[in-house]
Amino acid sequence: MGYLPQAMANYLALLGWGDGTENEFFTLEQLVEKFTIERVNKSGAIFDSTKLRWMNGQHLRSIPSEELNRIIGERWKDAGITTESQGIFIQDAVLLLKDGIDLITDSEKALSSLLSYPLYETLASAEGKPILEDGVSEVAKSLLAAYDSGELSGALAEGWQKWVKNFGKLLKRKGKSLFMPLRVLLTGKLHGPDIHSFALYDDVHLTEEVCLIRVFFGLVANLVDLVWLVANLVELVWFGSQSC
């Protein structure tokens, strides 16, 4: 179920006991040291699954990085999301996602979501409509030019903030008008980790997403009449194409 033994022991101990402070986080060693039968209360305990999940997250994030990488990396490999359970990608992905993971099982959905690219669904949603109407196709055209020149790959690898600033000047955009279209185009989503985390993806992954942008914005003017065609082309490109 994704719960750590130490988190479960910590939570169960607090159902009828406390050390007299506001502290709720205890390691097994601390529980052994601090526990006394005199501080066990007589009132009925209430099991709170939400608090148990929260506590598990606290214990999960307290695990040394090397051990946490091993645990989550093995989970990802066993689930078939990654082909390896260790390496630079695993380390970077765990570092990026761990603050949003409370259960070990949460890590599967978190990584799958990070690597997904629901561009069409996002721009077709009510929340994505303002971005679509704010000239996102113009941003897409300039972004594709940056990709074709090799400029985008270099910016994602290093110097992202400086590149974004210059990119905004080129388009005469700043703030939300610049960052939201970039986020949607590079991640396919309206929310998530910092855009520079996109550097986690390899060149093939970046190429696939650029293909989707080309296909989508080649048809965006006819979005209402050709929704079904866009959806099918996106599916075809996502599963079958490696280059544009």
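These legends accompany several close-up views of a predicted model.

Residues are numbered from 1 along each chain as its sequence is written. Because the model is predicted, local features need pLDDT of at least 70 and side-chain atom pairs count only at pLDDT 80 or more, while totals for chains, interfaces and linings use all residues; side-chain values use heavy atoms, leaving out hydrogens and water.

**View 1. A nonpolar patch on the surface, made by Phe35, Ile37 and Val40.** Together these residues give a patch of about 270 Å². Patches are made of residues with over 30% relative accessible area and no salt bridge, like charges being joined within 9 Å and nonpolar side chains (Val, Leu, Ile, Met, Phe, Trp, Tyr) within 5 Å. Areas come from the Shrake-Rupley method with a 1.4 Å probe, and for residues only the protein chains shown count as cover. Look for Ile37 in the loop between helix 2 (28-34) and helix 3 (49-62); helices (H or I, at least four residues) and strands (E, at least two) are DSSP runs, numbered from the N terminus. With a relative accessible area of 59%, Ile37 is exposed; the scale here is buried under 20%, exposed over 50% and partly exposed in between (1.4 Å probe, protein chains only).

**View 2. Asp106 and its surroundings in helix 6 (residues 106-115).** Is Asp106 buried or exposed? Its relative accessibility is 19%, so Asp106 counts as buried. A polar atom of the Asp106 side chain lies 3.2 Å from the backbone nitrogen of Asp102. Leaving aside residues up to four places away in sequence, Asp106 touches Arg53 and Ile101, where contact means heavy atoms within 4.5 Å.

**View 3. Two salt bridges that link distant parts of the chain.** The structure holds 9 salt bridges, each being a side-chain nitrogen of Lys or Arg within 4 Å of a carboxyl oxygen of Asp or Glu. One of them joins Asp102 and Arg61, with the closest N and O atoms 3.2 Å apart. Asp102 sits in the loop between helix 5 (88-97) and helix 6, and Arg61 in helix 3, 41 residues apart. Arg61 counts as partly exposed, at 24% relative accessibility. Another pairs Glu108 with Arg75, the closest N and O atoms being 2.5 Å apart. Here Glu108 belongs to helix 6 and Arg75 to helix 4 (residues 65-78), with their positions 33 residues apart. Glu108 is partly exposed at 24%, and Arg75 is partly exposed at 31%.

**View 4. A salt bridge within helix 8 (residues 129-133), between Glu133 and Lys129.** The side chains meet at 3.9 Å, N to O. Because Glu133 and Lys129 are 4 residues apart in this helix, about one helical turn separates them. An α-helix has 3.6 residues a turn, so residues three or four places apart point the same way. Glu133 counts as exposed at 59% relative accessibility, whereas Lys129, at 47%, is partly exposed.

**View 5. Helix 9 (residues 136-149) and the glycine that follows.** The end C-alpha atoms of this 14-residue helix are 20 Å apart, which agrees with the 20 Å expected at 1.5 Å a residue; the expected span is 1.5 Å times one less than the number of residues. Among the buried residues of helix 9 are Val139, Leu143 and Tyr147. Next comes Gly150, whose phi is positive, near 90°.

**View 6. Lys172, a residue other than glycine with a positive phi.** Its phi is near 60°. Lys172 is placed in the loop between helix 11 (160-171) and helix 12 (176-187), and is exposed, with a relative accessible area of 78%.

Conventions. Polar contact = N/O pair within 3.5 Å; in protein donor to acceptor, adjacent residues only side chain to side chain.
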